[in-house]
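Grab your viewer and work through a few short exercises on burial, charge pairs and strand order. Each one has a task, then a worked solution.

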Amino acid sequence: MNLSTQLKELGLSPLNTLVGSAHNLYIMPFDTVNEYKGSIIADNFHYHYENNEFYRDLCKKKDVRPEDVKGFDDLTKIPLIPVQTFKQCDSHLLMTSKLNEVEFEMRSTGTSGIPSVSRRDRLTMDSAFDSVVTTYREFFKLSRGMGLFLFPPTEEMPEMGMVKALNVFAGLLDGSVNLVRKITFNPEKAVEVLQSWDGKHTRHIVGPPFLVYRLIKYCMDRNIKLNLEKNSFIITLGGWKRFTGEEIPRAEFNELCHEYLGVQSYNVRDMYGLVEANMLAVECHKQEKHIPPWSTFLCVTHTMS
């Protein structure tokens, strides 16, 4: 009897059980985590194979059936769905749930030019929110402070995955301010807000790196040097080129955050989100991104024929 079966007999969701034990999973032996991960992913593969005609046809073309996938060592056999499929007009075919069971429709930032559309039912939303909150707690331990949010409020962009994930930070803090309205950011206002919190709260800055850099550039041009608290974080999510057409080296970005915002480089943390997979990879104090222990990355080699 595998892990998924045991948990189901207890009336527990296998994935949510693992997500709720995030800290323990991150410190468990690698092989043990892979055993749990393999069991749950294999179980999910079986479910979607049996209940999703589109995916079952894809598997049959690859000559892969449920009996071929039993655990972690078999995960490389699972046919993968190209990200491009989520950007097509018939992406609803990817769904195993019925359309009337969709609770939320989420879009990516569209770095490549076309956003992905990922539809989620209730169970998927439960897993997504649980995983985001436990991941934030695991890597940031935040429960106090004020957040300067350099992204739109959710009411302006309710379907964008990046905004939804970043806004979860608000529940971990004493308060927050969104300073992007109708795609407009005023760095002067950002400096005023940060200064108004000085001596009262630990101040955190959260948003895409290109807007953090715009704030830094404003300070550079006016020789303003802020001194955020020792435990302050600068947390970034999202790319550069979609909005600016350029980027700066990470080491230089870290140094500018330290010089003009007073944040130590080890507290400058970037995150990588993959809307299509409900995944958020977060940097630790060594600025190394960690894949959640309930997700796995497969290396795929393409051959020419």
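Buried means under 20% relative accessible area, exposed means over 50%, and partly exposed covers what falls in between. Keep in mind that this is a predicted model.

**Exercise 1. Sort out the burial.**
Work out what share of the protein chain is buried, then class Arg 203 as buried or exposed.

*Solution.*
- Step 1: of the 305 residues in the protein chain, 45% are buried.
- Step 2: Arg 203 has 2% relative accessibility, under the 20% cut-off, so Arg 203 counts as buried.
- Step 3: on the outside, the accessible surface of the chain adds up to about 16,700 Å², and carbon and sulfur atoms hold 51% of that surface.

**Exercise 2. Hunt for disulfides.**
How many disulfides does a search of the whole structure find? Check Cys 219 and Cys 257 for burial too.

*Solution.*
- Step 1: recall that a disulfide is a covalent bond between two cysteine sulfurs.
- Step 2: searching the whole structure turns up 0 disulfides.
- Step 3: Cys 219 sits at a relative accessible area of 0%, so Cys 219 is buried. Cys 257 is buried as well, again with 0%.

**Exercise 3. Follow the charge pairs.**
Take three salt bridges and say where in the chain their partners lie.

*Solution.*
- Step 1: oppositely charged side chains can pair when their charged atoms come close. The structure has 13 salt bridges.
- Step 2: start with Arg 119 and Glu 105, whose closest N and O atoms are 3.1 Å apart. Arg 119 belongs to strand β2 (residues 117-120) and Glu 105 to strand β1 (residues 104-107), so this pair ties together parts 14 residues apart in sequence. Arg 119 is partly exposed at 26%, and Glu 105 is partly exposed at 25%.
- Step 3: next, Glu 155 and Arg 181 form a salt bridge at 3.6 Å, N to O. Glu 155 is in the loop between β3 (146-149) and α7 (161-167), while Arg 181 is in strand β5 (residues 180-181), so the link spans distant parts of the chain, 26 residues apart. Glu 155 is exposed at 56%, whereas Arg 181 is partly exposed at 43%.
- Step 4: finally, Glu 229 bridges to Arg 203, with 2.9 Å between the closest N and O atoms. Glu 229 lies in the loop between α9 (209-221) and β8 (234-237), and Arg 203 lies in strand β7 (residues 203-207), 26 residues apart.
- Step 5: for a bigger picture, salt bridges with shared partners join Arg 250, Asp 270, Glu 283 and Lys 289 into one network.

**Exercise 4. Lay out the sheet.**
Which order do the 7 strands of the open sheet follow, and which helix lies across β8, β9, β10 and β11?

*Solution.*
- Step 1: the chain has 11 helices and 11 strands.
- Step 2: the open sheet uses 7 strands in the order β4-β3-β7-β8-β9-β10-β11, with mixed pairing. Its edges are β4 (175-178) and β11 (289-290), each pairing on one side only.
- Step 3: zoom in on β7 and β8, which run parallel and are joined by 3 bridges. Here Val 206 faces Ile 235 in β8.
- Step 4: helix α6 (residues 122-140) lies across β8, β9 (268-274), β10 (279-283) and β11, and runs at about 5° to β10.

Methods
Residues are numbered from 1 along each chain as its sequence is written. This is a predicted model: local features need pLDDT of at least 70, side-chain atom pairs count only at pLDDT 80 or more; totals for chains, interfaces and linings use all residues. Side-chain values use heavy atoms; hydrogens and water are left out. A disulfide is a pair of cysteine sulfur atoms within 2.5 Å. Buried means under 20% relative accessible area, exposed over 50%, partly exposed in between (1.4 Å probe, protein chains only). Helices (H or I, at least four residues) and strands (E, at least two) are DSSP runs, numbered from the N terminus. Accessible areas come from the Shrake-Rupley method with a 1.4 Å probe; for residues, only the protein chains shown count as cover. A salt bridge is a side-chain nitrogen of Lys or Arg within 4 Å of a carboxyl oxygen of Asp or Glu. Two strands pair if DSSP finds at least two bridges between them. Contact means heavy atoms within 4.5 Å. Axes are lines fitted to C-alpha atoms, for helices over the stretch in contact, and angles run from 0 to 180 degrees between N-to-C directions.
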